[in-house]
Amino acid sequence: MTQTRKPTNLTRKQTNPSPSSSSSSSTGMKLIVPLQGVVQGRGGLLFGSLIPCALFYFLQLYLKRRRPDNPSSNPPTPSTSSPNLPDLPRSSSRSNFNTRGPVRLSKLATLISKPDDDSPYYIGLHRVAQDPYGKVENPNGILQLGLSDNKLCLDLIEDWMLRNCAESILGSGDDGVGLNIHGIATYQPFDGLEELKMAFSDFMHKVMGGSVKFDPSNMVLTAGATPAIEILSFCLADQGNALLVPTPYYPGFDRDVKWRPGVDLIPVHCRSADNFSLSITALEQAFSQARKRGVKVRGILISNPSNPVGNVMTQDMLYSLLDFAEEKNIHIIADEVFAGSTYGSEKFVSIAEIIDSEYIDKSRVHIIYGLSKDLSLAGFRVGVIYSYNNSVLAAAKKLSRFSSISTPTQRLVTSMLSDKRFIQEYFQTNQNRIREAHDAFVEGLSELGIKCAESSAGMYCWADMSGLIRPYSEKGELELWEKFMSDAKINITPGSACHCIEPGWFRICFTTITLEDIPLVIERIRRVVESCKSSS
Amino acid sequence: MTKTSSSSSSFKHRGTSGMKLIVPLQGVVQGKGGLFLGSIIPCVLFYIFQLYFKPRHRSSSPSSSTHNSNSKDKLSDISVLPLSLSRTLLSHTGSVFISGRANSLSRTGHSLYDVGLGQVAENPYHEIHNPDGVFHLGGDDNNLCMDLVQEWMEKNAMGEGRNFSMLNIGGIAPYQPFDGLMELKMGVAGFMSQAVENSVFFNPSQMVLTAGDTAAIEILSFCLADYGNAFLVPTPHSPNFAEAAKWRTGLEIVPVPCCSTDNFNLSITALDQAYNQAKKRGQNVRGIIMTNPSNTVGNLLNRETLCSLLDFAREKNIHIVSNEIFAGSTYGSEEFVSIAEIMEAEDIDRDKVHIVYGLSNDLSAPGFRVGVIYSYNLNVLAACRKLARFSSISTPPQQLLTSMLSDTRFIQKLVEINRSRLQKMCSALAAGLKQLGIECIRSSGGFYCWVDMSRLMCSYSDKGELELWDRLLNVAKINVTPGSSCQCIEPGWFRFCFGALTECDIPVVMERIRRISEATKS
């Protein structure tokens, strides 16, 4: 990156003398003395010799420093092994010294092997795992409202499985599909079977509004949307670069983008006054601030429909976002995993639709989709990267070998997605049930005086409990969260885990429980609300 | 190269003689007009350095101050633009930045391994339908016992009227632990114990399941080494292993060559030498990654070697990653010793040892992609568990494998039949090759023959090897893996994978090789 490359040289050449290499080609100088270009005109010969000599001297000094001090008696013949012998006692004594300490791990491992006491999101998940609610077995257990599972339509999935599971995995009869394959057919690409990609493209076409065609060759399938985000981070940014991300955002992004890719996330704060919708001004501000700090911003990571708020981006917003990305020459990663889980009045518009209708440089747009939310198949770990950039696709294809989906699952999903009637029916039912649950939940909360942000998709209520926290700060928010956890026994996600700038907001997932459980949850919340009010 | 070597030797001289520091490189030219030559030489080097840079400038892609453009098709657009255009404008017309790591990845062409597989996929051999097709001896699959697996599935798991455990939808559709279901871990632990004849007890809680063994190795590398650190890897290793492990982790692979004279066994001397040389280059060696039974050669590491390996790791305070994906596919007289067995006996330094295992090979279930990390280091385990979110296995195959592994009678039978079929295929292949006068290393595990084809090469070099590989693929229509893909230092060795063959294929393969062999002689 530090090298100067051709176009800059071209422009520079005409204006000012520049580093020796480019000017030497342009001025046609004599080749006797290197670096003459730099010192042209004033004693070039002298300086042109002195400077490289000095540089060389420094290089030697540098190399000498880097090398451990050798016992000076050795003749400098590194190739033969005998001169190492006098070293031996010394080096072994040093290694003995080493063994006293524990063996070293990487910085990453040292960082992440610590228990999750940093984020209440993960602490909550742990605590539920230890004491989960069960209607009969453990009625006093913790209710899980912090994990994005959709259990509202499991019965439909189960039905379908009962009918089709065996056949789709094993293949029906000897027609050469299923496991019934020998030899060559077992060569399966890591980035997904062609059949599944085809089924996916039809499926996405339907989910994303029915107006855009998705090309199977622009797809890379991964083991869930999580690795899809990680792989894209690897491909779009180098270590130390950054992505802009509107807050509040899904707590998992921190792990997906920061851990292994080493890419930073720069929050772009959205506020309750705008119903947490993104503003280009804030984006602009965050971008220029990052620039000032010397951080290279490579893209914007958005989730649309938003997780946790549940609002969708308007068409205009998407246009301005694209303009912004175009102007700054950065990427857009659109996480659209909730595209099919809409229930509100506002229509979801995929970014694919926008760029399909406009003449826009598509190569900066990358879409992430998966079956975890819309098909309630989180355990299947099926995600997809849809990109319009061939280099990114080529790299992602290679990286998909580290998170490929196993073949039986691919076959199962292929036949499920190809069952058009089932998909149609499922989507209708799912959206109805989500709407029902959402409405019931929001109503219950509003009876307790808790308002939720306007939402039209996803499986969360983004609830404003700022009236219940004291002091009005992150500390107060975490105290309330702890109260929910230990007194009311419900696990919800505090806004601070989603990097929300305003304290007192909570993400409540309403699809992990059944409709009948909603009164129970509301009852438990009521207990906390009342205790808060009485104490104040 | 010349520059660094001359400079390094120069300062060594300087160190010994305590010369004056006015003129660099005087050390080299000491005594005979040092001042003069000591100036000329760096000047000349510098000039060459500039010359070297000039062509690189031309070929490199256009960029601007912050936004680099990378795709080649845009390059032509930009060179057409008038030069007066401001730099910022240039940056906007250029295509969007792609990370350096993605760039190097997307640019690397297909490896020989992929080329071979591509040919096979296009034109696969079939006894009746496509007798002129390409034979698949270049893969990593074992299909020898697929019929048994298929039969079991139909009978027990998913056939009509069977109540497959998978139909408990609550257990597969929602989120499950990213590092694998506990039931499957128990099954895997039992199976791993069985593979080493119950000499070791594997603890399911020391296990992390990942989507395939490559992912397992990558995750371990992320945990054990920082970007730019090095691992010692005995060669020949499995093809593309090094590249794959390097891509994201930024690992450096230090090959530890094993030679045909030692039957490609690992020698501690070679290991020590490689370690010291890496140290001298300034590399930070964090561990050894080895495959046992070896992928490519198929030989086993004996108890003594394992013990001295552990001693070596202890002395240098580095990790050992032992890839034992073929542990259940051993045959022959030699006994397979897992490093876990040695660990049982020794109680110290357990935190340095990590085992990688995979189920697909030993269970003849390709495509299931189940990898296992088994570690004695609690911190490593904790980190791996969290990283498993990026390569977790989907639940249906987990459930399927759980119920398969719980059927111990079937598993026992499967492993036994698998071993005997592997052995039969291996000796049939070796015998066939021997008739043609081609020798191979005696394999005791895995489904590969490591074959010495140097006789058939036109010239004893890497070039000759590639040329022979090309002839085998395009003339004889046999896809094999050349030794150079496995980083073997001796040319002429090839890896034949017999996991995808049937016994009646062998005479056909031999006939095709005979034709090549005769063409070489004449």
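I began with the spacing of the two domains in this predicted model, and found that the C-alpha centres of domain 1 of chain B and domain 2 of chain B lie 26 Å apart. The bounds, which come from an automatic or database domain assignment, give domain 1 as 109–145 + 415–519 and domain 2 as 173–411 of chain B.

I note for the record that residues are numbered from 1 along each chain as its sequence is written, and that chains are lettered from A in the order in which they are written. Local features need pLDDT of at least 70 and side-chain atom pairs count only at pLDDT 80 or more, while totals for interfaces use all residues, and side-chain values use heavy atoms, without hydrogens and water.

Next I looked up the contact (heavy atoms within 4.5 Å), which takes 34 residues from domain 1 of chain B and 35 residues from domain 2 of chain B. The two domains bury about 2,900 Å² between them, 52% of it on carbon and sulfur atoms; buried area is the accessible area (1.4 Å probe) lost when two parts are put together, summed over both. I found that B:V415, B:R419 and B:S444 supply 23% of the area that domain 1 of chain B buries against domain 2 of chain B, more than any other three residues.

I then checked for salt bridges (a side-chain nitrogen of Lys or Arg within 4 Å of a carboxyl oxygen of Asp or Glu), and the count between domain 1 and domain 2 of chain B is zero.
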